[in-house]
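User: Please take a close look at a single part of this model. I would like one connected account.

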Amino acid sequence: MKALVIGGGGREHALAWRLAQSARVQTVYVAPGNGGTALDAVALQNLGISQPEALADFAAAEKIALTVVGPEAPLAAGVVDLFRARGLPIFGPTKAAAQLESSKAFAKAFMQRHAIPTARHATFGDAAEAHAHVDALGAPIVVKADGLAAGKGVVVAMTAAEAHAAIDDMLGANTLGVAHNAEGARVVIEEFMAGEEASFIVIADGRTVLPLATSQDHKRIGEGDTGPNTGGMGAYSPAPVVTPNVHARVMQEIIQPTLDGMAAEGMPFTGFLYAGLMIDASGRPRTVEFNCRLGDPEAEVILMRLKSDLFEVLQHAAHSTLDQVQLQWDRRTALGIVMASAGYPAPPRTGDAITGLPAEQQDLKVFHAGSALQAANGGAGDARTLVTSGGRVLCVTALGDNVRAAQGRALAAVREIRFAGAQWRGDIGHRAIRA
């Protein structure tokens, strides 16, 4: 059989890598893919994620048995609806269901309707009203753009001045490049929640839910969780903060009510459902946000530990037979360290040659995101020169008997890889090590 992965980041490289290991899969196409998917000899199809009709035409012509959507933008644009209308098997939520991620305002109102624990909030399209709200509540406070912003549309403001600046940007200058929804530019302003974050991701088929291994992402650019937020500088799995009791509460209080609520509102959720959690000192979980996809870099560490046949699992999910599946996991810890380009998370420098990549081993894999193969004349081609092409370039992922061992294995590989201006964090997993 043939599979198609839509997207070009580290999450998509990990999905393609794991799908290709299925005995039932002959070829995996990645559209548009990256330098890593090409080096892995996973077939690269030069189609963009913003070409849904062309993607559907390709899937039909190649008789693709299953398409898996990686990033949020094509989901929000309705690629699943298009494929389904043409009778093409695809795994992911519809445009309506993807509102859980594409609109923070929708998600907060949904959680309020279904009594799903989350922070108190208010939504504003008027800047003066938003500023007055911050003045009334003070800081710390959280300001979120309503639309998609590549994971960067959230400002945890420790001062009122930071919150006011975020409001002015999200409702005015829009330097984050937020994709505004039909209602126009809006912000959601939330109370600050104290605690420890974790990523809780499940596979859903509209009725049945299958939880994936837990993980924890590290959003800030600097060690010790300092500096601006990024798309994610590293992750590890499992996350000790998600104890068996917390896991049970999340399933009972957050995940199942979300699936039931979406079905009741006429938009049953099929796909990866990601609940970003804040877990307080008493072990109470609350929802920070929903994503309608695998996280990145959480996908890399979760899929590194998955022992089950991913193709088979996702086929069951796409055909609403997920209740026939169980997942098997490697008991070891997986830890991934993101190597980012110079300048990131601001607009990064690109075009720097990447060298020193280690050979793939059973306990070590380098997943590519912002990389590309470049020909000697500077264009894409056969020369096999690997260069940086985005902000987050690589996720160096290792398995170990514990967090410290996995961290050491990943760091050893990171230190051998070279590209100008590379930046990474050496403390990924520090909360679990400290605990």
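Analyst: Buried means under 20% relative accessible area, exposed over 50%, and partly exposed in between (1.4 Å probe, protein chains only). The model is predicted: local features need pLDDT of at least 70, side-chain atom pairs count only at pLDDT 80 or more, and totals for chains, interfaces and linings use all residues. Residues are numbered from 1 along each chain as its sequence is written, and side-chain values use heavy atoms, with hydrogens and water left out.

Let us look at helix 8. Helix 8 covers residues 127-137. (Helices are DSSP runs of H or I, at least four residues; strands are runs of E, at least two; both are numbered from the N terminus.)

Start at its N-terminal end. D126 caps helix 8 there. A side-chain oxygen of D126 lies 3.1 Å from the backbone nitrogen of A128. At the other end, G138 follows helix 8. The phi of G138 is positive, near 75 degrees.

Now go around the helix. A130, H131 and V134 are buried. Why do they fall on the same side of helix 8? They cover an arc of only 100 degrees around the axis, so they share that side. (The arc is that of the directions from the helix axis to the C-beta atoms.) The other side of helix 8 carries A128, D135 and A136, which are exposed.

What do the buried residues of helix 8 pack against? Their partners are strand 5, strand 6, strand 8 and helix 9. (Contact means heavy atoms within 4.5 Å.)

Those three strands belong to an open sheet of 4 strands, in the order 5-8-6-7. Its pairing is antiparallel. (Two strands pair if DSSP finds at least two bridges between them.) Strand 5 (121-124) and strand 7 (154-157) are the edges, each pairing on one side only. From one strand to the next, the twist averages 20 degrees. Strand 5 is joined to strand 8 (residues 187-191) by 4 bridges. In that antiparallel pair, A122 stands opposite I189.

Helix 9 (residues 160-173) packs on this sheet too. Helix 9 touches strand 5, strand 6 (141-145), strand 7 and strand 8. Its direction makes about 10 degrees with that of strand 6. (Axes are lines fitted to C-alpha atoms, for helices over the stretch in contact; angles run from 0 to 180 degrees between N-to-C directions.)

Put the pieces together. The buried residues of helix 8 meet both helix 9 and sheet strands, while A128, D135 and A136 sit exposed on the other side.

Methods
A polar contact is a pair of N or O atoms within 3.5 Å; within protein, one must be able to donate a hydrogen and the other to accept it, and residues adjacent in sequence count only if both atoms are side-chain atoms.
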